[in-house]
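Here are some notes to read beside the model. Take the points in order, and keep the structure open as you go.

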Amino acid sequence: MPTESPSLSVIVPTLNEAENIEGIIAKILAGGASLDMEIIVVDDASRDETQPIVRRLSLTLPVILLAREKPKDGLAGAVLAGARAARAKVVMVIDADGSHPPEKIPELALPVIRGERDMVIGSRYAPGGSTPGWSRKRRLMSRAASACAWPLTDVHDALSGFFAVRRELLADIPSDAAGFKIALEILVRGGDSLRVGEVPIAFRDRELGQSKMGTGVIFTYFRRLLALSGWRESQDSVSLAVAKTVLVWALDFAVFSAAWLLHAGLSEANLIGFAAGGALNAWLKTAQLPREMRRNAKLLTRLLFVSLLSLFLRSGVLGTCVGGFGWPSLVAIVPAIVTGWTVLFLGYALFIWPVREQYGDGVRWRVAAMGATAYLLALRVAYLYKLPIDKSWQTPPDPSAGLTAGSLMTVELRHLGATVLASTRAGFNLPAMICWIVAAWAVFNATRRVFDKTTAFRVLLLFSTLPMFFWAGTVFGPATVLLTGWAFLLWLMTFALRWKGRAAAIICAVATAIFWWPGGWMPGWQMENPMPPLLRVGVFVALQALLVTPVALLAAARYYLRWRTDERRLEGAAAAICGVVAMLSVFTAWTMGTLGLTASAAMWLPIVPFIAVEMQRPGCPRARWWGAVIYGCVACYGLYFYWLAFGG
């Protein structure tokens, strides 16, 4: 065997692959003939002739057999064992069943060998990739599994088993990594700093042998996906965890029922039941912790915060079932209890004491954005029947002004909501939530195109929690339609940064013409503002700082003071978006006397991505303030909704 290290080590995990192993080794050698490589077959105690065949081939070919007796760590453990035995600085993983095309080996390996990429994946779902011979059901299941990994990664096919990677990246994977998807481990741990490429491949089913895919493998994948998200599994067995949950729910229901039968009010009975169940649940959870952790102020603060979120959402469900659907209180409390304790369960596992060593800051921001967005959408739905109505509906349109594009769109959406949910508060405000979702999608994708996916998730977090955006997506009015329209304009503007040239200029010109056409997207009524113009400007600026939060305002100022020296961002992108900021600023200043204050949310849309960049800038002294801003905003929204339902 040569003493010099090869340029590539190809790892082939096997388990009862005697029918395929000789053929796949021949194809690997042919496909990578232009490379200096070794093949490491990692066999997990096959009961057929796999190991004897590999031993015979190793006598004349650059093939090494690594036999593992009684392995317990699955395919991931086999790949890690092969990486430890590899002599090359670049390793490749390929299946032994012939489903991966060996002729693609140079295309995957060379960018990593040259140092152009840290990892290159053979992708079924990148443009040009395919899965010939798959049934519609299998394609759907595979896509669904890949979609579950989409929030944590930036590639089309994070579940691919065919990839080339620098060996030291595999060395960073812990020995307890389980499952078939070792590429997912590398992608999540590498985060935004990982230079990843994708090569389209045609993935074909095995012709010989038996597939190892089964229910257990699928369960292990989802379990590992949760772990990579920071999920901390309970130390209890399934039966014990179920018993504790039933005990807490039973106590909650019993105390609520007793209070209600003793003629306590709905709000009081709800609070008493929740307090009893919450106290028991907290005791059961913290009893497993060391004594010093029970006195940890940070942990207790998070526990209190998650308990409040649980109470707010639970109360909204209870109020909707009783006041909106007319259910008896003792029936309505059941879905309320289930909803509230679901929030607590997720909060314990992902927020109160997550497994932070499993992921980096990028995944932390992504999980936080998804959690905050999902919770605030659920909160809106739970209190939809109690939300206030925009005061513009109480001011009839000016007949002399006529209905413009914006007011017509607003009226039509309001009519749609009223048709679906009758003429109720819920019917009036349902379009606000729909418009907010559309605007969030547009802003998220615009940011991802200009910056990166983690920054886009931070934008989603800000778009979900900052007051002016939250309110525009809660109470439906002209400001909601205006925000959605400008979000789409921002999304279209990103094409100018990507395409460059005549097509981009035409798109932006048409979009600008639509939204700047006289009367376009502008309400057809006036709202009186008795303040003098100068005072109105001062109040407007002060309220803007409050609605966007002072921390976000400082972050935006910090970025714009230094964006020209930021080598990580395209100056062209910053300049183009700053141009939109200028237009929106003029527009907002011009209309602030005729629109509600939240209409100015559109002005902040192009600035939010730069605030998101500043949130995670190394050495930023204000980074630690963001937690207080986000937690405070979410808690205030829940408290306000609770007051609307039970105290107003």
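**The sheet and three helix pairs**

1. Start with the sheet. It is open and has 7 strands, in the order β3-β2-β1-β4-β6-β5-β7. The pairing is mixed. Keep in mind that this is a predicted model.

2. Which strands are at the edges? They are β3 and β7, the latter spanning 196-200. Each of these pairs on one side only. On average, neighbouring strands of the sheet are turned by 20° against each other, with direction ignored.

3. Now look at β2 and β3. Strand β2 covers residues 37-44, and strand β3 covers residues 63-68. They run parallel and are joined by 6 bridges. One residue to find is D43, whose bridge partner in β3 is A67. How does the chain get from β2 to β3? It passes through helix α2, residues 50-58. This β-α-β crossover is right-handed.

4. For an antiparallel pair, go to β4 and β6. Strand β4 is residues 90-93, and strand β6 is residues 163-166. The two pair in the antiparallel sense over 4 bridges. Here V93 stands opposite F163 of β6. As general background, strands of a sheet pair through backbone hydrogen bonds, either parallel or antiparallel.

5. Two helices can be checked against the sheet. Helix α1, residues 21-31, packs on it and touches β1 (8-14), β2 and β3. The direction of α1 makes about 160° with that of β2. Helix α2 also packs on the sheet, touching β1, β2 and β3. The direction of α2 makes about 150° with that of β3.

6. Next come the helix pairs. Helix α12 is residues 297-324, and helix α26 is residues 625-647. Their axes lie 10 Å apart, and the helices pack at an angle of about 30°. Why call them roughly parallel? Angles under 35 degrees count as such, so α12 and α26 are roughly parallel to each other. The crossing of α12 past α26 is left-handed.

7. Which residues meet there? From α12 come F305, L309, F312, S315 and G319. From α26 come Y631, V634, A635, G638, L639, Y642 and F646. By class, this contact of α12 with α26 has 9 nonpolar residues, 3 polar ones and no charged ones.

8. Helix α12 also meets helix α10, residues 266-286. The axes come within 11 Å and cross at roughly 140°. This crossing of α10 past α12 is right-handed. On the α10 side, the contact uses L266, N270, L271, G273, F274 and A282. On the α12 side, it uses L303, S307, S310, L311, R314, S315, L318 and V322. The residues of this contact divide into 8 nonpolar, 5 polar and 1 charged.

9. Finish with helix α9, residues 238-261, and helix α13, residues 329-352. Their axes come within 10 Å and cross at roughly 145°. Helix α9 passes α13 in a right-handed crossing. The α9 residues in contact are V248, W249, D252, F253, F256, S257 and W260. Those of α13 are S329, L330, I333, V334, I337, V338 and W341. The contact of α9 with α13 has 11 nonpolar, 2 polar and 1 charged residues.

How values were computed: Residues numbered from 1 in each chain as written. Predicted model: local features only at pLDDT ≥ 70, side-chain atom pairs only at ≥ 80, totals over all residues. Heavy atoms only, no water. Pairing = 2+ DSSP bridges. Right-handed = clockwise from strand over helix to strand, strands pointing away. Axes fitted to C-alpha atoms, helices over the stretch in contact; angles between N-to-C directions. Parallel < 35°, antiparallel > 145°, perpendicular 65-115°, else oblique. Left-handed = near helix turned anticlockwise from the far one by under 90°. Contact = heavy atoms within 4.5 Å. Nonpolar A, V, L, I, M, F, W, Y, C, P; charged D, E, K, R; others polar.
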